[in-house]
Amino acid sequence: MSVSPTDPNTPITRIYRWDLDKTYLQTEFDTLRQLVRTAFQKAHEKKAIPGAAALIRELRSTGGSRLCIVSGSPTQMRTVLVEKLKLDGVEFDELVLKDNLRNLVRGRFKAMRGQVGYKLPVLLESRARAPVDAEEVLFGDDAEADAFIYSLYADMVARRVSEPVVHSVLEAAEVYPDDIDRVIRQWKEIPQADPVRRIFINLDRLTPPAAFAHYGPRVVPIFNYFQAALVLLGDKHLTAPQVLRVMIELVQTAGYNLLTLSNSFQDLLRRGLPIADVAQSLVEALQGPAAMFQVVRPVPDIIAAFSKRVVALGAQPPPPKVRDIDYLSILDDARPRTHKKRRRFE
Amino acid sequence: MNQRPVTIAFDVMGGDHGPLEIVRGAAQLTLDTPHIHALLVGDRAQIDLALSQVRHHAERVAVHHAPDFVAMHEKPNAALDAKPQASVLVAAQLVREGEADAMVSAGHTGAGVLACARTFTLIPGVRRAALATVYPTAVGRGAKNDPFSLILDVGATVDASADDLVAFAVMGSAYARIISKNENPTVALLSNGTESQKGPARVVEANLKLQSLPGLRFIGNVEGVDIPKGTADVVVCDGFVGNVCLKMLEGVSETVMELAKYAYKEKLLWRAGLAMLSSGIERIKEVTDWEQYGGAPILGFDRLFIKAHGRSKARAISNAGKVAARAVSNDLANAIQALLPRA
């Protein structure tokens, strides 16, 4: 089952790929008890991360966009997840879940916990069906290997990595040989393009942002979805009123206030993201006639809070440079989080 | 329970381990206590670098760039005159402007006190500020079974009058009530005898005034020996006596540690004895761990300044921030003012 609002006649120009657990949903599965509880939760008991649903709705509201969800949740949870997304008003085009029962039956225990061997082929398959010039923005989290998988996917489509490197990476990630062959085959069938604009990593575990520095400025670790919205405003994927609507959801449903929002804004500035100009767009949107923004007034306070955070920083450093990613040097990131070799920021 | 957000300004450039450990401490605070926000004041590039490498909650952290700082060897007055953008002064100004509710610094004590004096306002009824510190004692007190007594002043006001000593007593009592959760702390004057007429004229006069002051549990005079015994929860003296006392107590502790090291090296039997006592020694270290207390408050101003130890690492800084936030949440300045005698 899929809920597809996309008009088949509208050309697809943007694809937003989302993970679910810890990216869209507030999910805890660090202990067996949490895992069991998550598995038996009903749709209305599941909680979305504040701002995620609003952000998706805004991204979807522009024509020509597709929402593709790839989750490590088991296929048995499909009904409840579809229901949850429906409750949140989130319409999607693809929802792919992990068939772990099949892995179990086949005795592929490494595949059950591995993420690279599951997500990478799914992404490549989906890309094969997409128009060559469709841009992509990807959303994941810091709980597993999303930054690694998404970056590798982006660089594979752009042909910035060689086949031997991909091979080594997949081996290190404990992907089974026949699956490695399948990935390589799929990859070669995809036309070369450079579609991935941003990779947002929701810092569910509050991993220090510097842990993602080796992925370059394309990967943006975020502490909340207001930050993602600000960057997407800078990238012209959203308009200022849309960002304000995401902000309103955070204020109304998750207790965000001037302090937390202005701090979030300053955090991005400090990390060198080019969003200084978006403040002006937000100010203009706030001063506009839109009645719904009354809930986030007084406007002068908001403007003052954001301005202060900019002024407090002094001169802005240059944005981080784009560099090729040396995947072989960060192979640990591709391994499951519980793997003994992956302990750097745990 | 939802607590009112409290913002603590941290002078990131101060201390032996700044800026990294100060940033780490503030970052830890944002993880432990959702209602506390950290405003990091100092060199922006160094703060950014340190912050990007530690777990923190960015929604609860802001940075304010201050390009200068006061080094430990500098004379406070001259340094603050020459460096209006010194981190400790900028932090104090941000507190005055309402950008933060209190400040924490592990840097130059004199510069910190002077920055407060230049920026904050004394509470009505207080003529001079006092630097308070805690000292581990033999007894626990208050809801937290706190082993620390509070001594003030230990250096801010060298020459205190009787009225100053009364104000110090009030400030110390209010602080102990809020921070140690000691509902009715005992307060004593430090003198050379327990009799009320003992000591210099200002101490005798202060004793008389304190006896008739309502709302304060004044127990009279105590002697130096009563400090480690914990006879009083709050010990009041002028800055000269307090500082001499504090340094002597620190000297005694260091000498004991030196003797223990000597004993450890000298004889196998003594070493065995120390080994047998090791769990007890560890327990004493835990109980008297200054890092858990965070820092020493400068009392008397309308805004709070917690002076963290120069050697403070992340844990001590984080605890100093918690102490500052608790004092702010409990409105320490008003609590002091309510207890002060009417002029």
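**From the A–B interface to the surface of chain A**

In this predicted model, the side chains of A:Arg270 and B:Asp48 meet in a salt bridge, with 3.5 Å from nitrogen to oxygen. On the chain A side of the interface, helices α12 (258-270) and α14 (299-311) each supply at least two of the residues that touch chain B. Of the elements of chain A, α12(A) gives the most to this side, with eight residues.

The interface as a whole can now be described. Across the interface of chain A and chain B three salt bridges are found, and ten residue pairs, both members at pLDDT 80 or more, are in polar contact between the two chains. In total, 24 residues of chain A are in contact with 21 residues of chain B. The area buried between chain A and chain B comes to about 1900 Å², and carbon and sulfur atoms give 52% of that area.

One residue of the interface helix deserves a closer look. A:Gln266 has its place in helix α12 of chain A, and its side chain reaches the backbone oxygen of B:Val63 at 2.7 Å. Is A:Gln266 buried or exposed? A:Gln266 counts as buried because its relative accessible area is 0%, and the cut-off for that word is a value under 20%. Leaving aside residues up to four places away in sequence, A:Gln266 touches A:Arg309, A:Ala312 and A:Leu313 in its own chain, and B:Val61, B:Ala62 and B:Val63 in chain B.

Another covered part of chain A is helix α2, which runs over residues 52-61 and has eight of its ten residues buried. These buried residues are A:Ala52, A:Ala53, A:Ala54, A:Leu55, A:Ile56, A:Glu58, A:Leu59 and A:Arg60. Which elements of chain A help to cover the buried residues of α2(A)? The cover includes the strands β1 (14-18), β2 (65-74) and β4 (135-141), together with the helices α10 (225-234) and α11 (240-254), which belong to chain A as well.

The last stop is on the surface, where A:Leu32, A:Leu35, A:Val36 and A:Phe40 make a nonpolar patch of about 450 Å². A:Val36, one of the residues of this patch, lies in helix α1 of chain A, which spans residues 32-40. Why is A:Val36 called partly exposed? The relative accessible area of A:Val36 is 42%, and the term partly exposed is used between the limit for buried, under 20%, and the limit for exposed, over 50%, so A:Val36 is placed in that middle class.

Conventions
Residues numbered from 1 in each chain as written. Chains lettered and ligands numbered in written order. Predicted model: local features only at pLDDT ≥ 70, side-chain atom pairs only at ≥ 80, totals over all residues. Heavy atoms only, no water. Patch = residues over 30% accessible without salt bridge, like charges linked within 9 Å, V, L, I, M, F, W, Y side chains within 5 Å. Areas by Shrake-Rupley, 256 points an atom, 1.4 Å probe, with all protein chains shown as cover. Salt bridge = Lys/Arg side-chain N within 4 Å of Asp/Glu carboxyl O. Helix = DSSP H or I, 4+ residues; strand = E, 2+ residues; numbered from the N terminus. Buried < 20%, exposed > 50% of the residue type's maximum accessible area, 1.4 Å probe, protein only. Contact = heavy atoms within 4.5 Å. Buried area = accessible area lost by both parts, 1.4 Å probe. Polar contact = N/O pair within 3.5 Å; in protein donor to acceptor, adjacent residues only side chain to side chain.
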